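Hi,

Here's the structure I said I'd send over. Have a look at it first, and then my notes follow underneath.

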Amino acid sequence: MKGKTLSLKVGLEILTPVQCGSGQDLTQDFDYVVENGQVFVVDQERMFTAIASGDKQLDDALLGGECNLSYWVNELAGERYGYALPMLSRTTKTFTKFREHLKDALYQPYIAGSSLKGAITTALLADYLRELPKAIYQELLPNIANKPENTHAAKKLLDTLLGEDPEHNIFRALHVKDVMLRAEDLCLVDIRWLNLTTDSTNKVSAEWRRITGKNFPINEWKKANGIHAEMLKPKSQAQFQLQWDEFLLSDLSTWYTSAHDILPRDFAGLKERLNRHARYRLEQEIKFYHDYGAIKPEQACIKLLSALQNDPDSIYLQLSWGSGWRGMTGDWLEPDLTKEMCQLFGLRKSVLSELPFPKTRRLAVSGEEPKLPLGWVRLFSYSQIEEKLKQEQLKPQTEAALLDAETQQLGYQGLAAELYKKSQTEKWAVKNNSEKFYRAMNTDYLQKIEEEPNPEIKKQAVAIISGLMDTRNKGIMKNPEKKKGKRQDFEYGDNPRNIAIRLNNIKLS
């Protein structure tokens, strides 16, 4: 029995935006650039390595005092290193920084296993306590005569339930691995604060709260301000491992009596307990939004609750930043005890004592207004997405093989084959990549074409570049975009003209 572990592969789907924060903010023109409304987060280490290893005029740029990140990304690096970050919703205000999601050294986002385990533990404890009579646990709560530090408010309760040290905590037997996702699963989310306020007649209403500047209630959310955060977007999927240490669970007498009933021994047990907690949490949020006329957030929570009720095989769970005080603590205290704890620890002003606690909700802007609660995920059998994830892993190899076959079928060889593949994978003919196309031609490929010894390959290469330029020019004539009286495509100097002249000289040579 010793060393035996029950391992289970579990699928995870993001239902509403989720963030496990790195604790850092990313700043515009230092960590990321914004071009044509598109955010691009820069991998600075790879970018500066590329600059330092190339033949660019790095010294001139440094001595000239050029410090704009866009210049380093577009002019010196020769290639973009990092990842694009789309907006969840386009109805957003200008921003100069945003909260960063946790990522590994390769810029791949992940949900820390500790965060996921913490959310599971909190939900299981809350569900357990909610089923107990208040008299059993009330004496374990802080009081005026025995008030602990704020950070140890629940210590006596948890010590009684789980043991006074980690060795006696039954959750030692549950292991949760990190959930690895992809950079493409990230998006930038505009988050607003819905806040309950009272007027001179003590009438309660839901308004929008300003996060910066003078804090006063605002009727229209667009006139308020919030924050932006890098988050995992809805419909993203991944897999991770849940493990139960069967040796630690083989002798339940080693654990506190109450702990026997807190940790389920398998996925089915987890599902029953965690979904019961999720159902309670969603019902409470639906009531909150309904009572104060927040229709869109109420509908979003009703949709989540309906999904839970019609999905008998999955677990629904809220985790991490944005889930709020109730999400982080489990929301198991009865209203009178919640009010008592607020007074004991000074969690709110006395004049607001009649309002629900907490009185604010964080909502993600989606579509035309803030409506999505944060942090909801679905856990399910890995077999449901096993084939999809395998296909995603094989997709780059499959696309590369198809492109190789297409290149061979067209008869391209050597430099011409390299140019054709590059043009397809980097989509040089797409309007937004004009600068990258011109730079690649002027700094790399035109010289290679001029020096190509094989006349047939040289002819093929010229035809590929000429075709790309013709395609682009037709698009420009059809949809001209003006910028200070000139087409935007020609704002990089006379690069297009230089390319045309050099191509013509190559044809004549």
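At roughly what angle do the axes of helix α4 and α7 cross, and within what distance do they come? Before I get to that, one caveat: this is a predicted model, so please read everything below in that light.

The answer is a crossing at roughly 80 degrees, with the axes of α4 (residues 113-130) and α7 coming within 9 Å. An angle between 65 and 115 degrees counts as roughly perpendicular, so α4 is roughly perpendicular to α7. On the α4 side, the residues involved are I120, A123, L124, A126, D127, Y128 and R130. They meet L270, R273, L274, R276, H277 and Y280 in α7. Sorted by class, this contact has 8 nonpolar, 1 polar and 4 charged residues.

Helix α7 (residues 267-291) has another partner worth a look, namely helix α8 (residues 295-309). Here the axes lie 9 Å apart and the packing angle is about 160 degrees. Anything over 145 degrees counts as roughly antiparallel, which means α7 is roughly antiparallel to α8. The crossing of these two helices is left-handed. If you want to pick out the contact on screen, select N275, A278, R279, L282, E283, E285, I286, Y289 and H290 in α7, which meet P297, E298, C301, I302, L304, L305 and L308 in α8. The contact of α7 with α8 divides into 10 nonpolar, 2 polar and 4 charged residues.

On to the strands. There's an open sheet of 5 strands in the order β8-β13-β1-β17-β14, and the pairing is antiparallel. At the edges sit β8 (174-176) and β14 (315-318), each of which pairs on one side only. From one strand to the next, the twist averages 30 degrees. Inside this sheet, β1 (residues 5-14) and β17 (residues 376-381) run antiparallel and are joined by 5 bridges. A handy place to find that pairing is V10, which stands opposite S381 in β17.

Another open sheet has 3 strands, ordered β3-β4-β5, again with antiparallel pairing. Its edge strands are β3 (32-35) and β5 (82-85), and each pairs on one side only. The average twist from one strand to the next is 25 degrees in this sheet. Strand β4 (residues 38-42) runs antiparallel to β5, and 4 bridges join them. For a landmark here, take V39, whose bridge partner in β5 is L85.

One loop residue also caught my eye. A224 is in the loop between β11 (204-209) and β12 (227-232). Is A224 buried or exposed? Its relative accessibility is 3%, so A224 counts as buried. The C-alpha atoms of A224 and R209 are separated by 6.3 Å, although the two residues are 15 apart along the chain.

Finally, some totals for the chain. I count 15 helices and 19 strands. Of the 509 residues, 44% are buried. Among contacts in the chain with a separation of 6 or more, 77% are between residues 24 or more positions apart.

If you open only a few views, I'd go for α7 with its partners α4 and α8, then the sheet that holds β1 and β17.

Cheers

Notes: Residues numbered from 1 in each chain as written. Predicted model: local features only at pLDDT ≥ 70, side-chain atom pairs only at ≥ 80, totals over all residues. Heavy atoms only, no water. Axes fitted to C-alpha atoms, helices over the stretch in contact; angles between N-to-C directions. Parallel < 35°, antiparallel > 145°, perpendicular 65-115°, else oblique. Left-handed = near helix turned anticlockwise from the far one by under 90°. Contact = heavy atoms within 4.5 Å. Nonpolar A, V, L, I, M, F, W, Y, C, P; charged D, E, K, R; others polar. Pairing = 2+ DSSP bridges. Buried < 20%, exposed > 50% of the residue type's maximum accessible area, 1.4 Å probe, protein only.
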